Amino acid sequence: MEELGIKHKMLPVNGINIHVAEKGEGQVVLLLHGFPEFWYGWRYQLTELAQHGFRAVAPDLRGYGDSSVPPAMTSYTILHLVGDVVALMDALEQPQVFVVGHDWGAILAWYLCLFRPDRIKALVNMSVPFIPRIGSIKPVQFLTAMYGDAYYICRFQESGIAETEIARLGIDSFLKKVFTYHKPEPFYIPKEGLGSPNEKITLPYWITEEEINYYVKNFEKTGFTGPLNYYRCLDLSWDLIAPWSGAEITVPTKFIIGDHDMTYHFPGIQMYISLYGMKLFVPGLQDVAVLKGVGHFLHQERPKEDL
């Protein structure tokens, strides 16, 4: 990626090493990726932001890419993730930054703004709206009751199950199935698996075989246990954020989602987003954009969208 002018370096933060890709000079915009990605998911935004006078910084979150992969499942709670980002800002000598998050990066960004609003100038979050900690039902219990054991987040819970299925299917096929999922229906992983490793999967216009291969080579090095541990810590993180129940996100925020994203079709979400329900918990929310005909990976599918 050096031909794109993207610089890479490793920084010691929060007891681990975090790899960052960056480009440009100016105010820092921190780009936080989701599953199953790493810094490369922001390749378009790194260049675009640099051209507009910003210093774009895209870390590989813990467990991903060239960053450290802590072995313990309990090392992937939301407190660990937010701690990494705060320490990264310190390592970059940045008292405040702009933040952009997608998928798990969006979840991380919500809690970063909740825990440390003093460090964030403004937030643009994509695909995953802020869900406050309300009631006594933990996330996995709620999702199992809503969708059943085959729902992908529920299937990810037991250590080794998802890893075995990904190995059977092959990393290439697994990634293609995830990136090409463009339906409002929930994503299920049945007990019999996600199909044949020999299935021909047609890629959409916005991602190429070469780009998929770049992802594959990366996950061949790191595996998926670290990224899957984010999901396995959902309930533990829910316990740990109890002190922030009822707290509000006051950072100036814009939220973007595609109308073909399955998250947009979670029961009640459209009303929650459009009728200012989310603004009750995120009073800093200034704008919501719903992109027509766009799926979950909107930052790759429509990188040039003018909002």
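A residue counts as exposed when its relative accessible area is over 50%, as buried when that area is under 20%, and as partly exposed in between. Glutamate 192 has a relative accessible area of 67%, so this residue is exposed. That is a handy starting point for a walk through this structure, which is a predicted model.

**Around glutamate 192**

Glutamate 192 sits in the loop that runs between helix 7 (171–179) and helix 8 (209–222). Its C-alpha atom lies 9.2 Å from that of glutamate 165, although the two residues are 27 apart along the chain. Is glutamate 165 buried or exposed? With a relative accessible area of 13%, glutamate 165 is buried. Its side chain also has a charged partner: glutamate 165 and arginine 168 meet in a salt bridge, with N to O at 2.8 Å. Both residues belong to helix 6 (residues 161–169), and because they are three residues apart there, about one helical turn separates them.

**Salt bridges**

Side chains of opposite charge can pair when their charged atoms come close. How many salt bridges does a search of the whole structure find? The search finds 16. Three of them are set out here, each with the N to O distance and the relative accessible area of both partners.

| Basic residue | Acidic residue | N to O distance |
|---|---|---|
| Arginine 116 (29%, partly exposed) | Aspartate 118 (42%, partly exposed) | 2.8 Å |
| Arginine 168 (36%, partly exposed) | Glutamate 165 (13%, buried) | 2.8 Å |
| Arginine 302 (27%, partly exposed) | Glutamate 305 (34%, partly exposed) | 3.4 Å |

Elsewhere, salt bridges join up into a network that links Lys9, Glu22 and Arg55.

**The hairpin at the start of the chain**

Two strands come next. Strand 1 covers residues 7–13 and strand 2 covers residues 16–23; they pair in the antiparallel sense over seven bridges. Together they form a hairpin with two residues between the strands. In that turn, asparagine 14 has a positive phi of about 55°. If you would like a landmark for the pairing, look for methionine 10, which stands opposite histidine 19 in strand 2.

**The nonpolar core**

In soluble globular proteins, nonpolar side chains tend to be buried together. Here, the largest nonpolar core holds 100 residues. Which of its members touch the most other members? They are Leu30, Phe35, Leu46, Val99, Phe174, Leu175 and Phe224. Helix 3 (residues 104–115) supplies the largest share of this core, with nine residues.

Leucine 30 is a good residue to click on for a view of its surroundings. Setting aside neighbours within four places in sequence, leucine 30 is in contact with Val57, Pro59, Val85, Leu88 and Met89, and also with Val97, Phe98, Val99 and Val100. One of these partners, Val99, is itself on the list of core members that touch the most others.

**A nonpolar patch on the surface**

Some nonpolar side chains are found at the surface instead. Leu79, Leu236 and Leu240 make a nonpolar surface patch of about 200 Å². Where does leucine 240 belong? Leucine 240 is part of helix 10, which covers residues 234–240. Its relative accessibility is 33%, which means that leucine 240 counts as partly exposed.

Methods. Residues numbered from 1 in each chain as written. Predicted model: local features only at pLDDT ≥ 70, side-chain atom pairs only at ≥ 80, totals over all residues. Heavy atoms only, no water. Pairing = 2+ DSSP bridges. Helix = DSSP H or I, 4+ residues; strand = E, 2+ residues; numbered from the N terminus. Patch = residues over 30% accessible without salt bridge, like charges linked within 9 Å, V, L, I, M, F, W, Y side chains within 5 Å. Areas by Shrake-Rupley, 256 points an atom, 1.4 Å probe, with all protein chains shown as cover. Salt bridge = Lys/Arg side-chain N within 4 Å of Asp/Glu carboxyl O. Buried < 20%, exposed > 50% of the residue type's maximum accessible area, 1.4 Å probe, protein only. Core = buried A, V, L, I, M, F, W, Y, C linked by side-chain atoms within 4.5 Å. Contact = heavy atoms within 4.5 Å.
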